[in-house]
Amino acid sequence: MADTTPAPEPLSEDVVRKVAHLSRLAISDDEIRTQTTRLAAVLGYIERLRELDLEDVEPLNNPMDATNRVDDDTPREGLTTEDLMKMAPGSHPPFVKVPKVLGDGGGA
Amino acid sequence: MAEITNVRLMVGLEIHVELATRTKMFTRSGSPACAEFDDAPANSLLDPVVLGLPGALPVLNKSAIEMAMLVGAALECSIARETKWDRKNYYYPDLPKGYQISQYDMPVCFDGAMEIPDPADPSGEHMRRIGIIRAHLEEDAGKLLHEAPGGGAIDYSIVDYNRAGTPLLEIVTQPDFRTADEVVAFARQLRNVCRFLGVSEGVMQKGHMRFEPNINTIVDTSDGREIRTPIVEIKNLNSFRAVQRAIEYEYAHQPKRWQKDGVEMASGRKTTRGWDDVKGVTVMQREKEEAHDYRYMPDPDLLPLVIDDAWRESVVSRLPELPHARAKRYEHDYGLSAKEASALTDERDLCFYYEACVECVGAQGVQADVAGKQAANVVLQAGAKRANERGVGAWELGISPQQIAGIIKLRLGDEIGSSAADALFEALCESDEEAAAAAQRLNLLQVKDEGQLAAWCQAVIDDPANAKVVEDVRGGKEAAVGRLVGGVMKVSGGKADAKAVKEKLIELLKA
């Protein structure tokens with residue numbers, strides 16, 4: 001049986017603006033309009049999947065037909081502090097310099 | 001306005017435990033939660049996966065998943081047959097990849113419980129069962145600093161990525177706690193369990209465990225209403241004291257907040273606060289992004305994980321005897337009180353030390369129950385007293401389990417008295433000598449010589465200061481003889497056998 005849940009709301013410019021903000025993308029009002037149209041087309045394409053009968057289909061979490069790739073807990077050489085200092089846009093050795101932020105982080 | 005007639009507290013707890021694997025969750029860079037790397041210089045535990053460089057691919061650490069399974073088993077959880085990894089997207093400078101790898105809807109452990117002794121029950125026998133909703137694995141972020149090392153002011157922030165990618169087990173309880181004491185008892189016990197399991201050293205100052213209580217209150221009013229105040233989550237508490245104080249603060253303040261603003265619990269009204277330890281208050285924090293704004297998605301770089309029966313059994317079979325089970329065994333096999341048993345199991349290092357003592361005493365042919373009881377007496381009396389005075393653990397006093405077994409052997413053979421045993425304990429804290437040799441050298445062995453014993457007893461009987469007591473004993477008040485025994489012990493410098501002294505005194509006085 002095909003998915004009978006109601007179709008989602010059409011994509012609004014506000015949603016695109018919000019997603020752009022969450023992704024820290026600087027995007028102009030003109031671009032918001034074009035991106036909304038283009039994203040709506042992508043979502044419309046995916047909407048076609050709703051026509052399929054997915055009754056007995058398990059969600060696919062990974063396209064690879066493999067599981068359980070694990071590694072032993074043995075340390076290996078990595079990068080040095082100098083490597084990081086060279087890559088970082090700004091540094092206060094041995095730290096990376098970033099814009100002033102408050103609080104302990106956004107997640108965890 | 002109606003008056004508040006009663007306030008009940010309701011708390012659920014989230015606990016982050018940094019698992020002490022040698023390497024990180026998804027790469028083999030050294031991990032600062034492991035003692036081997038915990039003093040690594042800033043930004044020295046790095047590789048392309050830690051920094052989220054293009055093309056870097058994560059590979060799961062087998063130890064991390066097995067440690068998570070062990071904790072799950074200890075918390076009576078079901079272990080997932082299949083689990084997967086999800087990206088939690090947000091931008092913050094301590095998160096190099098722009099997402100955290102976590103487990104969204106298929107946690108590795110779920111539906112468990114842990115019982116704690118009810119802090120409100122002085123007998124320690126009534127238990128409270130705290131439900132565990134889930135325990136899932138994720139990776140830690142780096143550490144942001146807002147001043148230069150040494151405290152210099154800077155007008156930017158700086159980041160150390162050593163901690164980025166360290167395995168974190170996030171344990172979420174049901175809102176089953178009714179007092180701050182229960183939360184702290186649970187938190188302490190969980191720390192102890194993790195230490196027994198060997199999955200964390202549980203050093204709070206190093207952030208090995210962090211607590212986030214979700215707190216609200218149920219307020220009864222004089223007009224018969226029952227109000228639930230909005231849930232407040234307190235972020236990142238890293239001491240038991242802070243957990244206790246932050247919860248008590250919210251317990252006191254939530255009803256007042258409701259009286260002022262009338263806001264009740266509802267979806268979307270949860271707020272996040274931090275704890276200011278200096279001022280002793282909770283403070284409002286930046287609003288957390290709504291859960292769906294994290295745009296969780298399965299991580300395409302990682303394969304799902306299937307935990308079959310054989311793997312699960314092989315990990316669960318490594319589960320050591322847990323502190324509570326050990327305490328019950330001590331009570332049953334050694335005849336210890338519940339209080340003694342819990343004092344010996346509340347701290348892993350003390351517990352292992354005690355068990356080494358019991359084994360050494362047993363190795364001398366002493367029956368197991370006697371060995372257990374005698375070792376408990378020495379560790380909890382002579383040991384705990386000095387440990388307390390010196391601010392160290394009893395296992396750190398410098399006296400070995402073999403030496404303690406030696407003291408117990410001398411005691412059981414009536415070769416030293418109780419005060420001599422204490423003096424011997426003191427001496428052995430500073431010496432590697434065998435107990436018997438030290439007792440000999442320090443002249444602590446009991447004098448068994450009948451003539452010497454009789455002479456000490458006679459001297460005490462003849463002392464005019466004791467005339468009244470002597471008369472009482474002769475008159476039939478045998479209980480009064482204790483005073484005279486004390487006198488003889490003093491005269492002998494503690495070297496007389498108190499039991500023999502008592503017999504000798506009665507013999508002399510009845511003659």
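This is a chat about how chain A and chain B meet in a predicted model.

Reader: So how many residues does each chain put into the contact?
Author: Chain B brings 60 residues and chain A brings 41 residues.

Reader: And how much area gets buried between them?
Author: About 4500 Å² between chain B and chain A, with carbon and sulfur atoms giving 58% of that. On the chain B side, R28(B), Y156(B) and L303(B) lose the most area to chain A, and together they make up 15% of what that side buries.

Reader: Okay, switching to charges. How many salt bridges are there between the two chains?
Author: The count is 2 salt bridges. The side chains of K18(A) and D293(B) form a salt bridge, at 3.1 Å from N to O.

Reader: What about polar contacts, how many residue pairs?
Author: Across the interface, 18 residue pairs are in polar contact, counting pairs with both residues at pLDDT 80 or more.

Reader: Which element of chain B gives the largest share of the side touching chain A?
Author: That's β10(B), with 7 residues. Elements that each supply at least two residues include α1 (48–51), α2 (62–74) and β9 (143–147) of chain B.

Reader: How do the residues on that side of chain B divide up?
Author: They split into 31 nonpolar, 12 polar and 17 charged.

Reader: Last thing, strands. Which strand of chain A is joined to β2(B)?
Author: Strand β1 of chain A, residues 70–71, is joined to β2(B) by 2 bridges, and the two run parallel.

Reader: What's the bridge partner of D71(A) there?
Author: In β2(B), D71(A) is partnered with N61(B).

Key:
Residues numbered from 1 in each chain as written. Chains lettered and ligands numbered in written order. Predicted model: local features only at pLDDT ≥ 70, side-chain atom pairs only at ≥ 80, totals over all residues. Heavy atoms only, no water. Contact = heavy atoms within 4.5 Å. Buried area = accessible area lost by both parts, 1.4 Å probe. Salt bridge = Lys/Arg side-chain N within 4 Å of Asp/Glu carboxyl O. Polar contact = N/O pair within 3.5 Å; in protein donor to acceptor, adjacent residues only side chain to side chain. Helix = DSSP H or I, 4+ residues; strand = E, 2+ residues; numbered from the N terminus. Nonpolar A, V, L, I, M, F, W, Y, C, P; charged D, E, K, R; others polar. Pairing = 2+ DSSP bridges.
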